[in-house]
Amino acid sequence: MVLAAGATFAAAVAVLVFLLAISTGSNGQVSVLIGTMGSSRIGTVAVVAALTSLAVGLCLIPVSRIWLLVMVPARLAAIAAACLAGFVWVLTSSATVVPLISAGCETGYVIEEDSFLLAGWGTVYRTDGIFATAVERTGGDDGYHPFADGAYAVAGDGDALRVWYSSSFDYLAAPTATDGEPAFTLPTRTDRAFSCGLSAGTREPSPTPPPPPVYTADEARAGVAEMVAASLSATAGSARNATGAIIDAQELELVTTACGEDGTRVGVGIEFTTDDNAASLARILQVWDAAGYSPDRAMQEDIRYSGTLPVEKMSIRDSTTIDGLIRMGISSRCSAPE
């Protein structure tokens, strides 16, 4: 096992030395590209392999008790470094590599795109075997990979390839416009034959979600009244207000406010206590879930919402430890003008 770890460590170091030599000799312009694995990802894998094999070797090498004072910190450091390298590998695993296609044929160029959080960037490479020379840079909004998504267009005139691409995601997957200046221009390669009959992988348009249903003011009011009655009926014992009076759902006053251009919204806020507030809150949430509402939570407040039902949002907060009350709010979606 120790020999295997040593061999892995030596192979990983050799890969790193090879990658470093290629990069240094070309002033960082040439890298290695094997399939979808560029130099950065290959190097990360080699680092993970080297540190993991080093950690395994240090843990397996038998040492006397006196040397444990040195070996234990070394083992822990190697394990921590291997875990950190693995975490970096996960962060860089979003990279994509696709060929640049023109009129259904390869062009001898590929685009490697990567992203992190809201940043997106890419590099256009001229490929020669496993070696790739960087010739252009690209970018994408919100981590978007336009070339992997097929959101680009290439026009060739025999001597040059003019390339346009979309920097942001388009749900309609509309063809990339070519009426302006190209994003970049590449010389047409004639040094070898390229495969044809290929597709740039342009995706199908995303389905347009149907518009949400529109309810009348009476339908919105009825929806709120229904959820209020169902919620209060689910409590453990009767729901009582701060003075101890039992709350009648039918006697609650629903508040109507303006929304949109000419619409109205119906809502109600209730403060109440029950025989067991914790059990009541759980039962009310079960009623809301069963009614088809989606869950959410914010600032110790449970929320249920819907994009299609008459009631748009319901929220509930257990303030028993503060004043012994549960606070519940229910509001409809904006109804159609009368």
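The following questions and answers walk through a predicted model of one protein.

Student: What should I know about numbering and about how the values were obtained?
Tutor: Residues are numbered from 1 along each chain as its sequence is written, and side-chain values use heavy atoms, with hydrogens and water left out. Because this is a predicted model, local features need pLDDT of at least 70 and side-chain atom pairs count only at pLDDT 80 or more, whereas totals for chains, interfaces and linings use all residues.

Student: How many helices and strands does the protein have?
Tutor: Helices (H or I, at least four residues) and strands (E, at least two) are DSSP runs, numbered from the N terminus. Counted in this way, the protein has six helices and 15 strands.

Student: What percentage of the residues of the protein count as buried?
Tutor: A residue is called buried under 20% relative accessible area, exposed over 50%, and partly exposed in between, using a 1.4 Å probe and protein chains only. Of the 338 residues of the protein, the share that counts as buried is 36%.

Student: How many bridges pair strand β5 with strand β6?
Tutor: Two strands are said to pair if DSSP finds at least two bridges between them. Strand β5 (residues 119-128) also pairs with strand β4 (residues 105-116), in the antiparallel sense and over eight bridges. With β6 (residues 131-141), the pairing of β5 is again antiparallel, and V124 stands opposite E136 in β6. The number of bridges between β5 and β6 is ten.

Student: Which residue in the turn between β5 and β6 has a positive phi?
Tutor: The strands β5 and β6 form a hairpin with two residues between them. In that turn, the residue with a positive phi, of about 65°, is G129.

Student: Which strands are the edge strands of the open sheet of three strands?
Tutor: This open sheet has the order β7-β8-β9, with antiparallel pairing. An edge strand here pairs on one side only, and the edge strands are β7 (152-156) and β9.

Student: Where is E181, and is this residue buried or exposed?
Tutor: The place of E181 is in the loop between β8 (160-165) and β9 (184-187). Its C-alpha is 8.8 Å from that of R162, although the two are 19 residues apart in sequence. Because its relative accessible area is 72%, E181 is exposed.

Student: How far apart in sequence are R126 and D191?
Tutor: The side chains of R126 and D191 meet in a salt bridge (3.6 Å, N to O), a term for a side-chain nitrogen of Lys or Arg within 4 Å of a carboxyl oxygen of Asp or Glu. The pair links distant parts of the chain, with R126 in strand β5 and D191 in the loop between β9 and α4 (217-233), and their separation is 65 residues.

Student: Which residue forms a salt bridge with D191 at 2.7 Å?
Tutor: D191 counts as partly exposed because its relative accessibility is 46%. Its partner is buried, with a relative accessible area of 6%. The closest N and O atoms of this pair are 2.7 Å apart, and the partner is R189.

Student: Why does the salt bridge of D275 and R240 tie together separate parts of the sequence?
Tutor: The closest N and O atoms of D275 and R240 are 3.2 Å apart. D275 lies in the loop between β11 (263-272) and α5 (277-290) and R240 in the loop between α4 and β10 (255-259), so the parts tied together are separated in sequence by 35 residues.
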